[in-house]
Amino acid sequence: MSLKYGTLVWCAGIKPHAFIRHYGFEMSDRGTQILVDRSTSAARATRTNIWAIGDCSTIEEYWLPQTAQVANQEAQYLAKQLNSGKFDNGTAEPFVFFNKGMMAYLGGFTAVMAKLPGLSRLTGFVAFLGWRFTYWFLQLSVRNRFMLATDWARTLLFGRDLTRFGSRSKPT
């Protein structure tokens with residue numbers, strides 16, 4: 001299926017893009033995210049058919065963490081609603097986030113896994129192995145899994161590569 005559109009904006013980074021801040025959308029309390037309704041549609045936008053997902057948006061009265069898990073589920077939801085034509089006839093279901101748990105690598109051979117189904121919290125080396133397996137398993141291709149495994153093996157054998165190219169940084 002193809003989707004005809006006028007403008008598509010994709011932003012990545014650690015702070016909101018100037019386009020997001022200055023376009024004129026209704027923003028969150030902190031002014032850093034587009035305020036959207038439960039169907040990921042820009043809340044009270046001057047134009048219709050504007051949706052925002054991921055870190056650049058927050059759902060009104062339904063705060064969610066800014067994680068890849070949330071953005072992935074929002075993207076799948078939006079694609080399903082657009083493909084089914086539910087936005088066209090006003091029958092779009094509200095977005096509902098399903099928490100599959102939280103994981104974080106803490107350095108060395110330590111990680112934390114929390115809020116997993118059937119497990120409230122796990123830390124240490126076992127959590128590190130769980131984090132590594134999950135991260136490896138979620139790769140989308142065999143090629144990426146192979147490259148990730150060889151990168152981990154190379155780092156384990158030789159240490160992290162700290163090579164830098166370009167001019168040396170100078171303290172200010």
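**Figure 1. Contacts across the whole chain of this predicted model.** Let us start with how the chain touches itself: among contacts with a separation of 6 or more, 29% join residues 24 or more positions apart. The chain has 172 residues, and 25% of them count as buried. About 13300 Å² of the chain is exposed, with carbon and sulfur atoms supplying 58% of that area.

**Figure 2. The order of helices and strands along the chain.** If you like to trace a fold from one end, here is your route: beginning at the N terminus, the elements follow the pattern α-β-β-α-β-β-β-α-α. In total, the secondary structure comes to four helices and five strands.

**Figure 3. An open sheet of three strands, in the order β3-β4-β5.** Pairing in this sheet is antiparallel. Strands β3 (102-107) and β5 (119-124) form the edges, as each of them pairs on one side only. From one strand to the next, the twist averages 5°.

**Figure 4. A closer look at the pairing of β4 with β5.** Strand β4 covers residues 110-116, and five bridges link β4 to β5 in the antiparallel sense. For a handy landmark, look for Leu116, which stands opposite Leu119 in β5.

**Figure 5. A salt bridge between Arg154 and Asp151.** How many salt bridges does the count give? The count comes to one salt bridge. Here the side chains of Arg154 and Asp151 meet, with 2.5 Å from N to O. Both Arg154 and Asp151 belong to helix α4, where they sit three residues apart, about one turn of the helix. Are these two partners buried or exposed? Arg154 has a relative accessible area of 46%, so it counts as partly exposed. Asp151 is also partly exposed, because its relative accessibility is 29%, and partly exposed covers values between 20% and 50%.

**Figure 6. A nonpolar surface patch that includes Leu156.** Which residues make this patch? Phe109, Phe125, Leu129 and Leu156 build it together, and the patch amounts to about 430 Å². To find Leu156, go to helix α4, which spans residues 142-158. Leu156 counts as exposed because its relative accessibility is 59%, and the cut-off for exposed is over 50%. Helix α4 is worth a second glance in this view: Leu156 of the patch lies in this helix, and so do Arg154 and Asp151 of the salt bridge.

Terms used
Residues numbered from 1 in each chain as written. Predicted model: local features only at pLDDT ≥ 70, side-chain atom pairs only at ≥ 80, totals over all residues. Heavy atoms only, no water. Patch = residues over 30% accessible without salt bridge, like charges linked within 9 Å, V, L, I, M, F, W, Y side chains within 5 Å. Areas by Shrake-Rupley, 256 points an atom, 1.4 Å probe, with all protein chains shown as cover. Salt bridge = Lys/Arg side-chain N within 4 Å of Asp/Glu carboxyl O. Helix = DSSP H or I, 4+ residues; strand = E, 2+ residues; numbered from the N terminus. Buried < 20%, exposed > 50% of the residue type's maximum accessible area, 1.4 Å probe, protein only. Pairing = 2+ DSSP bridges. Axes fitted to C-alpha atoms, helices over the stretch in contact; angles between N-to-C directions. Contact = heavy atoms within 4.5 Å.
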